[in-house]
Amino acid sequence: MQDSTPSQSTATSSPGTQPPLSTEVDHCPIRRFDHIEFYVGNAKQSAKFYEHCFGFETVAYRGLETGSRDTASHVLQQGDIRLVLTSAIHSSHPVSQHVMRHGDGAGVIGLEVPDAAAAFRNTVERGAEGAMEPTASEDSDGALVESAIKIYGDTVLKFVERENYGGTYAPGFVARSGRTNGEGGVGLLAIDHIVGNVDLGEMNRWVDFFADTLGFSQLVHFDDEAISTEYSALMSKVMQDGSGKIKFPINEPAEGKRKSQIEEYLEYYEGPGVQHIACATENIIQTVTELQSRGIEFLSVPTSYYEELEGRVGKIDEPTDKLAELGILVDRDDDGYLLQIFSQPVEDRPTVFYEVIERHGARGFGEGNFKALFEAIEREQDARGNL
Ligand code: FE2
């Protein structure tokens, strides 16, 4: 099980409960996730992977042909999800160094805000370290303002102000349209949450950082006892903005008998960073069927997971045999249930992966699945006489 948010609920966790609404003025209002930018070794080829396997469409491009002398970026879209894939053209460029150290990984999380200069000023005043001063750029479609602060590892949180910009993505990019392969999307609609892994003992520092600088509040907390199994343990807290649209779970490893999934990530990513991106769909069976047919590999789930499914999560609309066939997991909290599945890492290093999630009211993150999955695996071990 590679997701890092799962656990059992305990006295210290309250999955699905909303934090008390703050009476303070939101000093850093956020409209939505604007984009996530991956720094990759070969953006041209990565773009084909996301088009063919994940159903994205390339909508904009910047590179040597458009006068960009240092980097090439391909912008892909599906539903409200925008991915930017960037490669450097020279070895000395910081993007090359990011890729050298981390492998392909998320360099930038972009948030759309009404005022990028104010977002920068207000977060830096509250202790954030600036990564890019407010910078305006313009073309015939208008002006775009961006600024950025540093978050965990070498990851940057970028504020994007699109108030006065009507172009496809940003000045300097040329629009590209049409899927070259004639394939449609797979039903991915929006980013549900973006998870970060941080070093042992650092989770609370980052929780405080998001609270202090961005005014986020804590949605849920899973402690190591709740999340630990025989093999692996982690701690996780979920921070969200005032609107509840932006959710950043933050994980740190905890001591287990074997190396935890978080430790493995930190070792291979060579530091903290984005672990997984959860994309929402309204028909997970259709989406996952399509993704699998296009070659996306998911974590396999032992059939025993489904044997006691209804006893664990109650009645659901989807047929259990179909969920079992595809390996889709189910969890329930006070507000409803959710369906989710985790991909294998999408690069050779065991680092970044994707989650597909369909919510039926539930506001949790699949915390019940961690224990259920491991118990299912242990039952199979037991059946083989190996437990
Ligand atoms: Fe997740």
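Is Cys28 buried or exposed? Cys28 counts as buried, because its relative accessibility is 2% and the cut-off for burial is under 20%. Keep in mind as you read on that this is a predicted model. Another cysteine, Cys53, is buried as well, with a relative accessible area of 12%. If you are looking for cysteine cross-links, the structure holds zero disulfides.

Let's step back for the overall picture. The protein has 387 residues, and buried ones make up 56% of them. Its secondary structure consists of 10 helices and 17 strands. The chain also has a good deal of contact across its sequence: among contacts with a separation of 6 or more, 70% are between residues 24 or more positions apart.

From Cys28 we can walk to a neighbour. Ala119, a residue of helix 3 (residues 116-125), touches Cys28, Val113 and Phe159, once residues up to four places away in sequence are set aside. Ala119 is itself buried, at a relative accessible area of 3%. Its C-alpha lies 9.2 Å from that of Pro134, a residue 15 positions away in sequence.

Val113 also turns up in the surroundings of Val160, which sits in strand 8. Leaving out neighbours within four places in sequence, the contacts of Val160 are Asp34, His35, Leu111, Glu112, Val113, Leu144, Val145 and Glu146. With a relative accessible area of 1%, Val160 is buried. One of those partners, His35, is 125 residues away along the chain, yet the two C-alpha atoms are separated by 9.3 Å.

Strand 8 (156-161) brings us to the largest pocket, since at least two residues of that pocket's lining come from this strand. Other elements that each supply at least two lining residues include strand 1 (32-39), helix 2 (94-102), strand 5 (105-112) and strand 6 (130-139). The pocket holds about 690 Å³ of space. Its lining counts 31 residues, and those nearest the centre are Glu37, Tyr39, Val108, Met132 and Lys158.

Helix 2 deserves a closer look. Which of its residues are buried? They are Val95, Ser96, His98, Val99 and His102. These residues cover an arc of only 160 degrees around the axis, so they sit on the same side of helix 2. Pro94 and Met100 are exposed on the other side. The cover over the buried residues includes strand 1, strand 4, strand 5 and helix 6 (261-269). After helix 2 comes Gly103, with a positive phi near 75 degrees.

Now turn to the metal. What coordinates the iron ion? The donors are His193 (NE2), His276 (NE2) and Glu355 (OE), at 2.0 to 2.2 Å. Along the chain they follow the spacing H-x82-H-x78-E. The two histidines link distant parts of the chain, with His193 in strand 10 (residues 190-197) and His276 in strand 14 (residues 273-280), 83 residues apart. Both are buried: His193 has a relative accessible area of 0%, and His276 also has 0%.

One more helix rounds out the tour. Helix 7 (residues 284-293) is where Thr287 is placed, and Thr287 is buried, with a relative accessible area of 1%. Beyond its neighbours within four places in sequence, Thr287 is in contact with Val186, Gly187, Leu188, Thr281 and Val356. The buried residues of helix 7 include Ile284, Ile285, Val288 and Leu291 alongside Thr287. Viewed down the axis, the buried residues fall within an arc of 165 degrees, so they line one face of the helix. The face turned away from this buried side carries the exposed residues Gln286 and Ser293.

What covers the buried residues of helix 7? The cover includes helix 9 (320-326), strand 16 (336-342) and strand 17 (353-360). Just after the helix, Gly295 takes a positive phi of about 100 degrees.

Key: Residues numbered from 1 in each chain as written. Predicted model: local features only at pLDDT ≥ 70, side-chain atom pairs only at ≥ 80, totals over all residues. Heavy atoms only, no water. Donors = N, O, S within 2.8 Å, 3.2 Å for Na, K, Ca; no water. Helix = DSSP H or I, 4+ residues; strand = E, 2+ residues; numbered from the N terminus. Buried < 20%, exposed > 50% of the residue type's maximum accessible area, 1.4 Å probe, protein only. Contact = heavy atoms within 4.5 Å. Arc of directions from axis to C-beta. Disulfide = S-S within 2.5 Å. 1 Å grid on protein atoms, 1.4 Å probe; cavity = no way out; pocket = protein on both sides within 12 Å on 5 of 7 lines; lining within 4 Å. Points joined across faces, edges and corners; volume = space filled by probe spheres on them.
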